[in-house]
Amino acid sequence: MEISEAELNAKIVELDEIHHDVSLPALQEGAKDWAEEVAQERSQVEARSRLNRRTFLLGVGATVGAGALLAACGSSSSATKASSSSSAPELSASTLTDLHVAALAASLENLGVYAYTAGINAAKAGKLGSVPPAVVVFAETARAQHKEHGAAWNAILRSAGKSAVTATDPVLTPVVNKDFASVTNTVDLAKLALEIENIAGETYLSAIGVLAQPIAIRTAASIEPVEMQHSAILNFILGTYPVPNAFEPTTLARPTSDYTKL
């Protein structure tokens with residue numbers, strides 16, 4: 001390891017202080033406001049749907065009362081209309097886009113938790129040789145922060161009546177599993193973690209340009225710096241230049257249109 005344990009522990013303390021004093025409050029406030037906006041839109045959509053259904057049923061009742069002929073020949077068409085009118089009301093396209101990004105972000109945060117857990121377990125089991133205790137502390141700290149990020153995204157999804165995302169990113173998980181099978185020491189583990197953190201950071205940066213609602217942008221922007229801090233500390237561990245690129249690329253970003261399930 002290219003950084004002393006004392007220096008690494010100091011950076012972990014600084015990371016966690018910034019996370020709890022600045023980043024997490026901003027994330028929780030943004031996620032709460034966003035969830036309220038989505039819940040309000042959902043309530044309005046459902047109210048309009050109920051009104052439309054009531055209007056339709058009143059129209060059907062008037063038609064049935066007008067004559068048996070329409071009742072006889074219109075059964076199939078009425079059924080079609082009833083089926084259409086009873087379909088689930090849908091949120092606006094921009095809100096759905098933002099929710100797809102939220103689902104993608106949750107799956108990436110789950111992947112971070114998954115990978116750090118695997119690394120921590122392997123280190124504690126002695127499968128990676130001699131792992132400095134501070135590296136395990138960093139992994140536990142980063143894992144906890146990814147859990148909090150994932151919880152925030154899932155709270156937003158639930159406010160929209162969607163299921164929480166509990167799975168890891170379906171595209172990256174097989175890649176991470178394959179790479180992790182080759183991890184034999186601290187350096188390998190740090191390189192894999194750095195790859196995941198860089199992908200997460202660039203995905204958030206890319207998402208900021210896709211999200212439609214200002215509150216959604218604010219929420220994503222509150223997480224991206226944390227992922228970059230994780231990357232910086234991992235670069236310290238590896239002895240590589242830790243300062244992020246001032247013009248951070250998005251070449252590693254997961255396509256925000258890639259997650260279509262809600």
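## An aromatic cluster

Trp34, Trp153 and Tyr204 are joined into a cluster by ring pairs. The model in which this cluster appears is a predicted one, and the structure as a whole holds three aromatic pairs.

One of these pairs is formed by Tyr116 and Phe138, whose ring centres lie 6.2 Å apart with 80 degrees between the planes, an edge-to-face arrangement. Tyr116 belongs to helix α4, residues 93-124, and Phe138 to helix α5, residues 133-159, so the pair ties together parts of the chain that are 22 residues apart in sequence. Both Tyr116 and Phe138 are buried. Within the cluster, the rings of Trp153 and Tyr204 have centres 6.0 Å apart and planes at 15 degrees, and the pair is therefore stacked. This pair links distant parts of the chain, with Trp153 in helix α5 and Tyr204 in helix α7, residues 186-208, at a separation of 51 residues. Trp153 is buried, as is Tyr204.

## The overall fold

The secondary structure of the protein consists of eight helices and zero strands, and from the N terminus on the elements run α-α-α-α-α-α-α-α. Of its 262 residues, 42% count as buried. Among contacts between residues at least 6 apart in sequence, 84% join residues that are at least 24 apart.

## Two nonpolar cores

In soluble globular proteins, nonpolar side chains tend to be buried together. In this structure the largest nonpolar core has 33 residues, and those with the most contacts inside it are Leu8, Tyr116, Leu128, Phe138, Leu234 and Ile237. At least two residues of this core come from each of α1 (5-66), α4, α5, α6 (172-180), α7 and α8 (214-238). A second, separate core has 29 residues, including Leu27, Val101, Ala103 and Ile156.

Leu128, named above among the residues with the most contacts inside the largest core, can be followed further through its surroundings. Leaving aside its neighbours within four places in sequence, Leu128 is in contact with Gly119, Ala122, Ala123, Val183, Thr184, Asn185, Thr186 and Leu189. Of these partners, Val183 is placed in the loop between α6 and α7, and at 10% relative accessibility Val183 counts as buried. With neighbours within four places in sequence again left out, Val183 is in contact with Leu128, Asp188, Leu189 and Leu192. Val183 and Ala122 are 61 residues apart in sequence, while their C-alpha atoms are 9.5 Å apart in space.

## Salt bridges

A search of the whole structure finds six salt bridges. One of them joins the side chains of Glu36 and Lys32, at 3.0 Å from N to O. Glu36 and Lys32 are four residues apart in helix α1, and so are separated by about one helical turn. Glu36 is partly exposed, with a relative accessible area of 44%. Another salt bridge is formed by Glu140 and Lys124, whose closest N and O atoms are 3.0 Å apart. This second pair links distant parts of the chain, since Glu140 lies in helix α5 and Lys124 in helix α4, 16 residues apart. Glu140 is partly exposed, with a relative accessible area of 27%, whereas Lys124, at 58% relative accessibility, counts as exposed.

Arg254 and Asp169 also form a salt bridge, the closest N and O atoms being 2.8 Å apart. The two residues come from distant parts of the chain, with Arg254 in the segment after α8 and Asp169 in the loop between α5 and α6, 85 residues apart. Here Arg254 is buried, and Asp169 is buried too.

## A buried charge without a salt bridge

Glu202 is placed in helix α7. This residue is buried yet has no salt bridge, and Arg254, which carries the nearest side chain of opposite charge, is 12 Å away. What the side chain of Glu202 does reach is the backbone nitrogen of Thr251, at 3.1 Å. Apart from neighbours within four places in sequence, Glu202 is in contact with Glu248, Pro249, Thr250, Thr251, Leu252 and Ala253.

Technical notes
Residues numbered from 1 in each chain as written. Predicted model: local features only at pLDDT ≥ 70, side-chain atom pairs only at ≥ 80, totals over all residues. Heavy atoms only, no water. Phe/Tyr/Trp six-rings, centres within 6.5 Å; stacked < 30°, edge-to-face > 60°. Buried < 20%, exposed > 50% of the residue type's maximum accessible area, 1.4 Å probe, protein only. Core = buried A, V, L, I, M, F, W, Y, C linked by side-chain atoms within 4.5 Å. Contact = heavy atoms within 4.5 Å. Lys, Arg positive; Asp, Glu negative; His and termini not counted. Salt bridge = Lys/Arg side-chain N within 4 Å of Asp/Glu carboxyl O. Polar contact = N/O pair within 3.5 Å; in protein donor to acceptor, adjacent residues only side chain to side chain.
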